[in-house]
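Please open the model in your viewer and keep the selection tool at hand. The tour proceeds by selections, each followed by a description of what is found there.

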Amino acid sequence: MDAFIRFTNQTQGRDRLFRATQYTCMLLSHLLEPHAGQEKVVMKLKKLESSVSSGRKWFRLGNVVHAVQATEQSLHATDLVPRVCLTLANLNRVLYFICDTVLWVRSVGLASGINKEKWRTWAARYYCSSLLLSLARDLYEISLQMEQIAHDRAKREQSQSQEPPGCSVADEETEWLQSFLLLLFRSLRKRPPLFLDTVKNLGDILNPLHQLGIYKSSPGVIGLGGLVSSIAGIITVACPHMKLKMH
């Protein structure tokens, strides 16, 4: 209970719970909509989703400051690739939160002359760019991890190396694919924070890709991706050691 209280006392913790609720409602309403007699339930789920989405905007009002601080911190990364990817990703997050704040001002009626669709498109572009850059950093970290594991395995097998039996080209391709997937699995298993960060970014990117018309997805797929991403985010907030560290 104490851990839950500490979690909900954090702004990020409350936002992750609201976000998980929002995408759960989206997923459930999509699954129940085709079934007859579920109209009232679907309507209630969509209203709850809309209310939670509006409530989450209050939690995001101060995120511009956090994104600026994250940009400054990423400049001190020792490795060039993460430094470039994280800095550009955080700069895009700053621009996204600015657009999100403008949309919030428009939604509460403080400035009715704002072009909602234009600002929404800009927000989706910046959000998508931020996620793509974060995924580029994840892929770079995964490649380093795979390279290290492959190197360690080669050293262990060096003493007992022997000529492999002959095999066909198809067998070699199948063996290569199996080895690659096994190496990828071991790399992600060895670094759970990297696995969570990759899953979170992959789940998040479905929504902006859909909004920009790059890759259309159903509300159910977007809801599932958002829910998985939210669960990954909840884990990183509840267990700070599971958050991918910058080095």
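Begin with Trp122, which is partly exposed, as its relative accessible area is 30%. Please bear in mind throughout that the model is predicted.

Next, add Trp119 to the selection. Trp119 is likewise partly exposed, with a relative accessible area of 21%; a residue counts as buried under 20%. How are the rings of Trp119 and Trp122 arranged? The two form an edge-to-face aromatic pair, with 5.1 Å from centre to centre and 70 degrees between the planes. Trp119 and Trp122 lie 3 residues apart in helix H6, so about one helical turn separates them.

This pair is one of 3 aromatic pairs in the structure. For another, select Tyr96 and Phe97, whose pairing is tilted: the centres are 5.2 Å apart and the planes are at 50 degrees. Are Tyr96 and Phe97 buried or exposed? Both are buried. Adding Tyr127 to the selection completes one aromatic cluster of Tyr96, Phe97 and Tyr127.

Tyr127 also leads to the next stop, being one of the H6 residues that meet helix H8. Select residues 116–158 for H6 and residues 192–211 for H8; their axes come within 9 Å and cross at roughly 150 degrees. An angle over 145 degrees counts as roughly antiparallel, and H6 is therefore roughly antiparallel to H8. The crossing of H6 past H8 is left-handed. To view the contact, show the H6 residues Ala124, Cys128, Leu131 and Asp138, among others, together with H8 residues including Leu194, Asp197, Asn201 and Ile205. By class, this contact of H6 with H8 comprises 12 nonpolar, 4 polar and 4 charged residues.

For the last stop, select helix H2, residues 11–32, and helix H9, residues 219–238. Which way do these two helices run relative to each other? Their axes come within 8 Å and cross at roughly 155 degrees, which means that H2 is roughly antiparallel to H9. H2 passes H9 in a left-handed crossing. On the H2 side, the residues to display include Gly13, Leu17, Ala20, Tyr23 and Leu27. On the H9 side, they include Gly220, Gly223, Leu227, Ser230 and Ile234. The contact of H2 with H9 divides into 11 nonpolar, 10 polar and 2 charged residues.

Methods: Residues numbered from 1 in each chain as written. Predicted model: local features only at pLDDT ≥ 70, side-chain atom pairs only at ≥ 80, totals over all residues. Heavy atoms only, no water. Axes fitted to C-alpha atoms, helices over the stretch in contact; angles between N-to-C directions. Helix = DSSP H or I, 4+ residues; strand = E, 2+ residues; numbered from the N terminus. Parallel < 35°, antiparallel > 145°, perpendicular 65-115°, else oblique. Left-handed = near helix turned anticlockwise from the far one by under 90°. Contact = heavy atoms within 4.5 Å. Nonpolar A, V, L, I, M, F, W, Y, C, P; charged D, E, K, R; others polar. Phe/Tyr/Trp six-rings, centres within 6.5 Å; stacked < 30°, edge-to-face > 60°. Buried < 20%, exposed > 50% of the residue type's maximum accessible area, 1.4 Å probe, protein only.
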